[in-house]
Amino acid sequence: MVCVMSQKALRAVKSRNTPILSYFANAAHWLPIMQAYEERKAAYFATPAVTLIRGLYVACKKLLDIGMEQVFDRHLKTSLAFKAACYSMGLSLVATDKKHAANTLSAIKFPEGVTKASLLPKISKRGVILAGGLHKKIKMTYFRVGHMGLSAIDPKRQHMVTVIEAIEGALIECGKKIEKGKALSVFKAAMGGYPLRSSL
């Protein structure tokens with residue numbers, strides 16, 4: 001991270017009466033260090049999170065190399081394909097209309113007779129961790145599945161295949177009558193037929 005401050009800004013930092021709430025971004029902590037560097041003296045306040053900054057650079061470069069329109073399109077395609085797979089298992093969304101549903105996350109209602117306590121541990125034992133609901137009025141009635149980042153951008157990683165198989169298997173274990181493999185076929189067709197391999 002590079003930060004440039006004018007002399008006027010530095011004077012404002014030195015003369016302010018209210019505390020600066022950020023510890024690491026507090027220029028008052030960094031000024032003595034910068035002044036020591038200018039005098040060619042060793043000084044230390046904190047080590048910036050170099051790996052995080054570098055990681056952010058690499059992640060942004062990958063997104064830009066793909067092209068942001070393509071990134072958005074892949075998220076939408078993955079979202080629609082995953083939701084179609086959910087519908088094929090008899091599941092429904094919390095969103096009152098499909099157009100209100102997010103492209104990066106699906107909030108899925110527990111089907112009748114299935115609870116958070118009965119479903120999520122069965123999904124978890126299949127190697128997939130899903131989150132329960134957050135909205136306090138309905139948090140026990142739904143669960144959340146994220147489909148963003150690499151899960152959407154690189155379908156060859158099979159993340160969503162693993163999730164669909166885990167949900168399907170857990171629902172069958174809960175006694176739901178679901179045609180095994182149908183949801184995966186629906187997902188595959190909606191994604192354009194890329195080769196899928198079973199992960200479970």
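Right after helix H3 comes Gly67, and the phi angle of Gly67 is positive, near 105 degrees. Please keep in mind, as we go through this, that we are looking at a predicted model. Helix H3 itself has 17 residues, and at 1.5 Å a residue these should span 24 Å, which agrees with the 24 Å that separates its end C-alpha atoms.

On the other side of Gly67 we reach helix H4, which covers residues 68-88, and here the same kind of check can be made: its 21 residues should span 30 Å at 1.5 Å a residue, and the end C-alpha atoms are indeed 30 Å apart. Helix H4 is in turn followed by Gly90, where phi is again positive, with a value near 85 degrees.

How do H3 and H4 pack, that is, at what angle, and how far apart are their axes? The angle is about 90 degrees and the axes are 5 Å apart, and because angles from 65 to 115 degrees count as roughly perpendicular, that is the word we use for this pair of helices. If you look at the residues that make this contact, you will find Leu63, Leu64 and Ile66 on the side of H3, and they meet Met68, Gln70, Val71 and Arg74 on the side of H4. Sorted by class, the contact holds five nonpolar residues, one polar residue and one charged residue.

Let us stay with H4 a little longer and ask which of its residues are buried. They are Val71, His75, Thr78, Ser79, Ala81, Phe82, Lys83, Ala85 and Cys86, and you may notice that Val71 was also named among the residues that meet H3. As for what covers these buried residues, the list includes helix H3 (50-66), helix H6 (150-153), helix H7 (159-173) and helix H8 (182-190), together with strand S1 (105-109) and strand S3 (142-146).

Now I would like to turn to the loops. In the loop between helix H2 (27-38) and H3 we find Thr47, which counts as exposed, since its relative accessibility is 55% and the cut-off for exposed is over 50%. Thr47 and Phe24 are 23 residues apart in sequence, while their C-alpha atoms are 9.5 Å apart in space.

The loop between H2 and H3 is also the place of Arg40, a residue that is not a glycine and nevertheless has a positive phi of about 60 degrees. Gln158, which lies in the loop between H6 and H7, is likewise a residue other than glycine with a positive phi, in this case near 65 degrees. Are these two residues buried or exposed? Arg40 is exposed, with a relative accessible area of 76%, whereas Gln158 is buried, with a relative accessible area of 4%.

Finally, let us step back to the whole chain, which has eight helices and three strands, arranged along the sequence in the pattern α-α-α-α-β-α-β-β-α-α-α. The radius of gyration is 24 Å, well over the 16 Å that the globule rule gives for 200 residues, so the chain is more spread out than a compact globule. Along its principal axes, the C-alpha trace spans about 75 × 40 × 30 Å. Buried residues make up 31% of the 200 residues, and, of the contacts between residues at least 6 apart in sequence, 57% join residues that are at least 24 apart.

How values were computed:
Residues numbered from 1 in each chain as written. Predicted model: local features only at pLDDT ≥ 70, side-chain atom pairs only at ≥ 80, totals over all residues. Heavy atoms only, no water. Helix = DSSP H or I, 4+ residues; strand = E, 2+ residues; numbered from the N terminus. Expected span 1.5 Å × (residues − 1). Buried < 20%, exposed > 50% of the residue type's maximum accessible area, 1.4 Å probe, protein only. Contact = heavy atoms within 4.5 Å. Axes fitted to C-alpha atoms, helices over the stretch in contact; angles between N-to-C directions. Parallel < 35°, antiparallel > 145°, perpendicular 65-115°, else oblique. Nonpolar A, V, L, I, M, F, W, Y, C, P; charged D, E, K, R; others polar. Rg over C-alpha atoms; globule rule 2.2 N^0.38 Å.
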